[in-house]
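Dear colleague,

I am handing over the structure below, and after it I set out what was found. Please read the notes with the structure open beside them.

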Amino acid sequence: MMNWQPDVLENDCVQLVPLKTDHFDQLYQVASDPLIWEQHPNKNRYQLPVFKNFFEGAILSQGAFLIIDAVSKNAIGSSRFCNFNEAQDSIEIGYTFYARQCWGKPYNKSTKELMINYALEKVSTIHFFVGAENIRSQKAMEKLGAIKLAEILMPYYGEPDRLNFQYQITRSNWNKI
């Protein structure tokens, strides 16, 4: 079985530590800002019961991380590996969010580079699913060099299906970037 939660992934900007149940309070402190979710398919994720469902799904995924600012050591968000598909030699990276003070700064790029590099040691393809209304994340995918493949309805853990755009990065494309 592949390990999608190494002890830590880190660089000068962020530390990604495996998400544990005792991280709930510090992560909810970040997630409780309604503006984080305004472009997201689930705009109510800032509400405690909705976030509890999200957090439960993150823990069950066994691939989720608490993102910590490498300088301040404060929790700034979360991301996860999910839906490993051995037959297709692929994994998804998603469910990423950051505190608003991190927007427009190198946190997302630093996080995604760590996760992409780790994943491409194990699989040849990474998929990303971004909400159809989430323009910020769509632009972030394009900046990373991800290719938009499709528009599909995606199930969310304990939530209704939502329209998402599917993006992809392959090992060969990433090596060219």
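Strand 4 and strand 5 form a hairpin that leaves four residues between them, and in its turn Asp-89 has a positive phi of about 55°. Please keep in mind throughout that this is a predicted model. The two strands of this hairpin, strand 4 and strand 5 (residues 90-98), run antiparallel and are joined by six bridges; within that pairing, Phe-81 has Ile-93 of strand 5 as its bridge partner.

On its other pairing, strand 4 is joined to strand 3 (residues 64-69) by five bridges, and these strands too run antiparallel, with Ser-78 in strand 4 as the bridge partner of Leu-66. The hairpin of strand 3 and strand 4 has five residues between the strands, and Lys-73 there takes a positive phi near 70°. Strand 4 (residues 75-85) is largely enclosed by the rest of the structure, because eight of its eleven residues are buried, that is, under 20% relative accessible area.

These pairings belong to an open sheet of eight strands, in the order 1-2-3-4-5-6-8-7, whose pairing is mixed. At the edges are strand 1 (9-10) and strand 7 (147-156), each of which pairs on one side only. A parallel pairing is found between strand 5 and strand 6 (residues 125-131), over three bridges, and Ile-91 stands opposite Ile-126 in strand 6.

Helix 2 (residues 48-61) packs on the sheet, where it touches strand 3, strand 4, strand 5 and strand 8 (159-170), and its direction makes about 55° with that of strand 4. Helix 3 lies across strand 1, strand 2 (14-18), strand 3, strand 4, strand 5, strand 6 and strand 8, and runs at about 160° to strand 5.

Helix 3 (residues 107-119) also packs with helix 4 (residues 135-144), at an angle of about 55° and with the axes 11 Å apart, which means that helix 3 is oblique to helix 4. The crossing in which helix 3 passes helix 4 is right-handed. Helix 3 contributes Asn-108, Lys-109, Lys-112 and Ile-116 to the contact, while helix 4 contributes Ala-140, Met-141 and Leu-144; by character, the residues of this contact divide into four nonpolar, one polar and two charged.

With best regards

Terms used
Residues are numbered from 1 along each chain as its sequence is written. This is a predicted model: local features need pLDDT of at least 70, side-chain atom pairs count only at pLDDT 80 or more; totals for chains, interfaces and linings use all residues. Side-chain values use heavy atoms; hydrogens and water are left out. Buried means under 20% relative accessible area, exposed over 50%, partly exposed in between (1.4 Å probe, protein chains only). Two strands pair if DSSP finds at least two bridges between them. Axes are lines fitted to C-alpha atoms, for helices over the stretch in contact, and angles run from 0 to 180 degrees between N-to-C directions. Angles under 35 degrees count as roughly parallel, over 145 as roughly antiparallel, 65 to 115 as roughly perpendicular and the rest as oblique. A crossing is left-handed if the near helix is turned anticlockwise from the far one by less than a right angle, and right-handed if clockwise. Contact means heavy atoms within 4.5 Å. Ala, Val, Leu, Ile, Met, Phe, Trp, Tyr, Cys and Pro count as nonpolar, Asp, Glu, Lys and Arg as charged, and the others, Gly among them, as polar.
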